[in-house]
Amino acid sequence: MISIKALAESPDLTSVPPTYIANPKTPNDETQPQLEHSQLQIPIIDLSLLTSGDPDQRSKTITELGKACQDWGFFMVTNHGVPERLMSGVIEGCREFFDLSEEEKLEFEGKHVMDPIRYGTSFNASVEKVSYWRDFLKVLVHPHFHFPNKPSGLSEIALEYLKQIRVVVVSLLEGISKSLDLEDNYIYKTLNVDSSLQIFIANLYPPCPQPELAMGLPPHSDHGLLTLLIQNGIGGLQIQHKGNWVNVNPIPNSFLVNTGDHLEILSNGKYKSVVHRAVVNSNDTRISLAIANGPALETVVRPASKLVESHSQSPAFIGIKYKDYVQLQQSNNLCDKSILDRVRN
Ligand code: OGA
Ligand code: NI
């Protein structure tokens, strides 16, 4: 395996090798509808208002959260209570991981898609025709905590960070349940979130000599419920919104949250998982850290019966065990919402 970091650091690299040409600037980008600036304002959720004792503030924030899930599938979370030093510390630890020697990192190379620790490049090199300008470290961290033993200190800081993330996720899921007119703890209980699958995904996108030709990650949706992403101050995440690719310019220290396929399934299609991608640039190394939070692996997820009955709709999706879904997504090409389409009724 040749990491993209090693490739990008080769002194005579002036163009993108053919296998990395993904042509992200398809005609689609030029013909995208022009939306008003006001239509491109990414929703912001102030978490302190959602958890505050003030019932008016809370219900107003629940409405905003529901609207963000319905209209965007994406929002930024501020006032979440996770300390800044923890966020910057875990990003710094990810940088140190990618700075380990190639040999050291290869100790963590996963052989199978469900291996608990998996260092690799691109997305799923065994099935891809095009490679992506990205190295990654993926670790299954809940309900059982796995972690590489290098670099020193990262495992401890990650453990603390992940614990705090789960608290934020539980608050958001309560608000989202409520916004769907379900009991506060409906999602938590039905999807066994106390033993939820949580995945730590560190992404490294080194500078690219021809960023217009290569892609960090192709358009895709995430499989779980909510993914919380932070980055090292360098942008690159784009989300699809009303036919446009919208650049995400985060409020400092906020979480970038996207809704996943299982929220779309649970909500019977009311909340659509957002299609997003990562583009690269020629100047800076970008590091992002995505924490994917899903149901428990053994849980069979289907549309909430109350949502199907009360709107006398038919279920938009078949029930599927989360584990089977994750395996399907991780063993295929990452491509838009192709896996969700397989479970549509
Ligand atoms: C992901 C992802 C986007 C980014 O890891 O699933 O979408 O900006 N990452 O790195
Ligand atoms: Ni993603």
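## Exercises on a predicted model

I199 has its place in strand β5. The model is predicted, with local features needing pLDDT of at least 70 and side-chain atom pairs counting only at pLDDT 80 or more, while totals for chains, interfaces and linings use all residues. Residues are numbered from 1 along each chain as its sequence is written, chains are lettered from A and ligands numbered from 1 in the order in which they are written, and side-chain values use heavy atoms, with hydrogens and water left out.

### Exercise 1: the surroundings of I199

Task: decide whether I199 is buried or exposed, and list what it is in contact with.

Step 1. I199 has a relative accessible area of 7%, so it is buried. Here buried means under 20% relative accessible area, exposed over 50%, and partly exposed in between, with a 1.4 Å probe and protein chains only.

Step 2. Leaving aside neighbours within four places in sequence, I199 is in contact with V139, L140, V141, H223, A290, I291 and A292. Contact means heavy atoms within 4.5 Å.

Step 3. For a distance to try in the viewer, take I91: it is 108 residues from I199 in sequence, and their C-alpha atoms are 15 Å apart.

### Exercise 2: the sheet of 8 strands

Task: find the strand order of the open sheet of 8 strands and name its edge strands.

Step 1. The order is β1-β2-β10-β7-β12-β5-β4-β3, with mixed pairing. Strands (E, at least two residues) and helices (H or I, at least four) are DSSP runs numbered from the N terminus, and two strands pair if DSSP finds at least two bridges between them.

Step 2. At the edges are β1 (44-46) and β3 (117-121), each pairing on one side only. Direction ignored, neighbouring strands are turned by 25° against each other on average.

Step 3. Now look for helix α7 (residues 154-179), which packs on this sheet and touches β2 (74-78), β4 (135-142), β5 (198-205), β7, β10 and β12 (286-293). The direction of α7 makes about 130° with that of β7; axes are lines fitted to C-alpha atoms, for helices over the stretch in contact, and angles run from 0 to 180 degrees between N-to-C directions.

Step 4. Follow the pairings around β2. Three pieces fit together:
- β1 and β2 are parallel, with 3 bridges, and I45 has V77 as its bridge partner in β2.
- β2 and β10 are antiparallel, with 4 bridges, and F74 stands opposite N258 in β10.
- β7 (residues 226-231) and β10 (residues 255-259) run antiparallel and are joined by 4 bridges, with N258 in β10 as the bridge partner of T227.

### Exercise 3: the two faces of β2

Task: sort the residues of β2 by the way they point.

Step 1. In a regular strand, side chains alternate between the two faces of the sheet.

Step 2. F74, M76 and T78 point one way from β2, and F75 and V77 the other way.

Step 3. Check the burial: 5 of the 5 residues of β2 are buried.

### Exercise 4: the nonpolar cores

Task: name the residues with the most contacts inside the largest nonpolar core.

Step 1. A nonpolar core is a set of buried Ala, Val, Leu, Ile, Met, Phe, Trp, Tyr and Cys residues joined through side-chain atoms within 4.5 Å.

Step 2. The largest core has 64 residues, and Y161, F200, F255 and L289 have the most contacts inside it. Its largest share, 10 residues, comes from α7.

Step 3. A second, separate core has 19 residues, including L140, L197, I199 and L229.

### Exercise 5: the nickel ion

Task: find the protein donors of the nickel ion (ligand 2) and explain what D222 and H276 tie together.

Step 1. The donors are H220 (NE2), D222 (OD) and H276 (NE2), lying 2.1 to 2.2 Å from the nickel ion. Donors are N, O and S atoms within 2.8 Å of the metal (3.2 Å for Na, K and Ca); water is not among the atoms, so sites may look incomplete.

Step 2. D222 lies in the loop between β6 (217-220) and β7, and H276 in strand β11 (residues 276-278), so the pair ties together parts that are 54 residues apart in sequence. Both D222 and H276 are buried.

Step 3. Strand β11 also belongs to an open, antiparallel sheet of 4 strands in the order β6-β11-β8-β9. Within this sheet, β8 (residues 237-241) and β11 pair over 3 bridges, and Q238 stands opposite R277 in β11.
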